[in-house]
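User: Please take a close look at sulfur pairing in this model. Then place that part in the wider fold.

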Amino acid sequence: MPRLSSGTAAQLPASVRQPGYDRRACGVGIVHLGIGAFHRAHQAVYTDDVLSETGGDWAICGVSLRQRSVQAQLDPQDGLYCVVERDRTGDARRIIGAVTETLFAPDDPVALVARMADPGTRIVSLTVTEKGYCHDPASGRLKLDDPGIARDLRDPAKPSTAIGFLVAALAARRRAGHSPFTVMSCDNLPHNGKMLAGLVEAYAHQLDPSLAGWIGREGAFPSTMVDRIVPATTDEDRAAIETQLGLQDEGVVVCEPFRQWVIEDRFTQGRPAWEHAGAQLVEDVAPFEDMKLRLLNGSHSMLAYLGYLAGYETVAETMANPDFEKLVRRYMKEEAQPTLALPPGVDIDGYQEQLIERFKNPALKHRTWQIAMDGSQKLPQRLLSVIRKQMECGGSFELASLAVAAWMRYASGRDETGQGIDVRDPLAERLAALAADVDGNADGEPEALVASYLTVKEVFGEDLPRSEAFREALGGALTRLYAEGARKTVSKTAAS
């Protein structure tokens with residue numbers, strides 16, 4: 001089967017939408033760090049829409065920092081790939097052309113710094129996941145002892161981390177007399193723009209305090225909120241799209257039809273007219289961000305850990321159990337919603353109903369195991385923020401605590417049948433060691449596991465481990481999970 005490319009695109013079925021612009025005429029204006037499936041199904045789609053409408057030098061150079069796979073997928077296809085929007089009514093297919101260049105950072109870090117420092121690069125965006133920021137999730141501060149950060153500080157001209165690349169390129173811009181590019185985080189982190197600015201300035205300060213000051217004065221780090229469910233692409237997906245396209249596409253991504261992008265409108269050197277593609281440009285992203293992190297992402301993590309322990313492979317399968325749907329509805333309404341300062345005009349009840357329907361989408365095979373990854377990085381903003389807010393106002397945090405307890409059981413590395421769990425987390429070894437220590441000395445006592453995991457300050461900070469109410473809630477929830485299992489625990493909790 002021929003490979004999708006500029007030379008073969010004319011063979012595509014007429015029903016497949018193709019880029020409506022001359023890709024060769026579009027210069028690179030955006031460098032994106034972390035060109036995984038989410039970026040290709042989200043920001044690149046918005047940018048493709050803008051290029052189709054107005055053209056301009058806003059093509060994307062997509063960068064992989066850790067794995068060569070995306071470059072191997074896209075380079076033979078001239079950057080083209082198919083986005084498949086999937087729901088219970090079927091598939092809608094379109095070819096995205098916004099990515100015109102791909103780089104694998106370890107091949108030539110100096111070349112990547114040069115591409116970012118080039119005056120034509122006006123925006124550097126990121127989807128490197130929470131762990132890619134080399135920060136302490138509980139405090140938001142840069143971890144100077146992170147191995148990657150420490151290595152980059154020793155050899156700043158050849159960085160390996162996203163933070164190192166940003167500062168190296170900004171320093172090169174300053175030396176050349178150019179204004180800084182806009183740095184735009186598109187990851188699920190609270191106040192992601194402000195947080196990223198703090199990390200960049202903290203790193204730069206280690207090298208040159210005057211550079212940090214210049215970045216703080218002249219730079220722009222707009223916050224964003226991104227939303228689209230994008231499961232990992234499977235071999236089955238690739239085979240199906242090959243049949244539908246009549247061409248082989250190794251870069252295909254599958255997603256839901258829904259998409260949302262809220263952007264703080266603060267850029268140093270202009271931006272694409274993303275609002276023409278449906279993005280919301282606002283002065284303050286925070287209310288939208290909190291709503292999404294606590295309602296959607298918090299519920300997703302709850303479903304991931306409890307659903308996995310209950311034996312469900314996907315979110316849709318988990319939501320097909322009425323008890324899990326009741327639990328999520330209760331969590332959103334009773335615990336997450338009261339912590340929010342809602343954006344003007346938001347129909348919060350309608351938003352929650354929309355989330356329920358998105359979670360139940362049977363056409364998306366969004367694996368609970370995939371969502372469960374990197375829990376130590378995700379819990380602080382998704383669930384612990386809800387718990388802290390509820391503590392402040394004397395509200396309930398029973399359901400959020402159950403989700404955290406499910407993470408503790410999941411992270412211990414054994415499921416309810418005694419089988420091992422492939423825990424993917426930056427702290428996986430440490431968490432496994434803590435669980436093993438409890439197993440060896442306290443016979444797996446749930447309260448002992450809670451006490452052991454609460455010593456992980458990067459996750460729980462200094463305050464939550466001191467809360468007796470929080471300890472009791474976690475201990476009770478974890479005890480029920482060990483004694484009765486996830487399905488029975490969820491059934492009883494949902495009905496209470």
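Analyst: **Cysteines without partners**

The structure contains 0 disulfides, a disulfide being a pair of cysteine sulfur atoms within 2.5 Å. Such a link is a covalent bond between the sulfur atoms of two cysteines. Cys26 takes part in none: the nearest cysteine sulfur belongs to Cys61, 15 Å away. For Cys186, the closest cysteine sulfur is again in Cys61, at 15 Å, too far for a bond.

This is a predicted model, in which local features need pLDDT of at least 70 and side-chain atom pairs count only at pLDDT 80 or more, while totals for chains, interfaces and linings use all residues. Residues are numbered from 1 along each chain as its sequence is written, and side-chain values use heavy atoms, with hydrogens and water left out.

Cys26 is buried, with a relative accessible area of 10%. Cys186 is buried too, at 3%. Buried here means under 20% relative accessible area, exposed over 50%, and partly exposed in between (1.4 Å probe, protein chains only). Across the protein chain, 58% of the 496 residues count as buried.

Now the wider fold. The protein chain has 20 helices and 11 strands. These are DSSP runs numbered from the N terminus: helices are H or I with at least four residues, strands E with at least two. The radius of gyration is 23 Å, close to the 23 Å from the globule rule for 496 residues, so the chain is as compact as a globular protein of that length. That radius is taken over C-alpha atoms, and the rule is 2.2 Å times the number of residues to the power 0.38. Along the principal axes, the C-alpha atoms fill a box of roughly 65 × 55 × 45 Å. Of contacts between residues at least 6 apart in sequence, 78% join residues at least 24 apart. Contact means heavy atoms within 4.5 Å.

One sheet deserves a look. It is open, with 3 strands in the order β4-β3-β9 and mixed pairing. Strands pair if DSSP finds at least two bridges between them. β4 (90-96) and β9 (253-255) stand at the edges with a single partner strand each, so one side of each has no neighbour in the sheet. The twist averages 25° from one strand to the next. β3 (residues 81-87) runs antiparallel to β4, joined by 7 bridges. In that pair, Val83 stands opposite Arg94. Helix α2 (residues 43-54) packs on the sheet, touching β3 and β4, and its direction makes about 65° with that of β4. Axes are lines fitted to C-alpha atoms, for helices over the stretch in contact, and angles run from 0 to 180 degrees between N-to-C directions.
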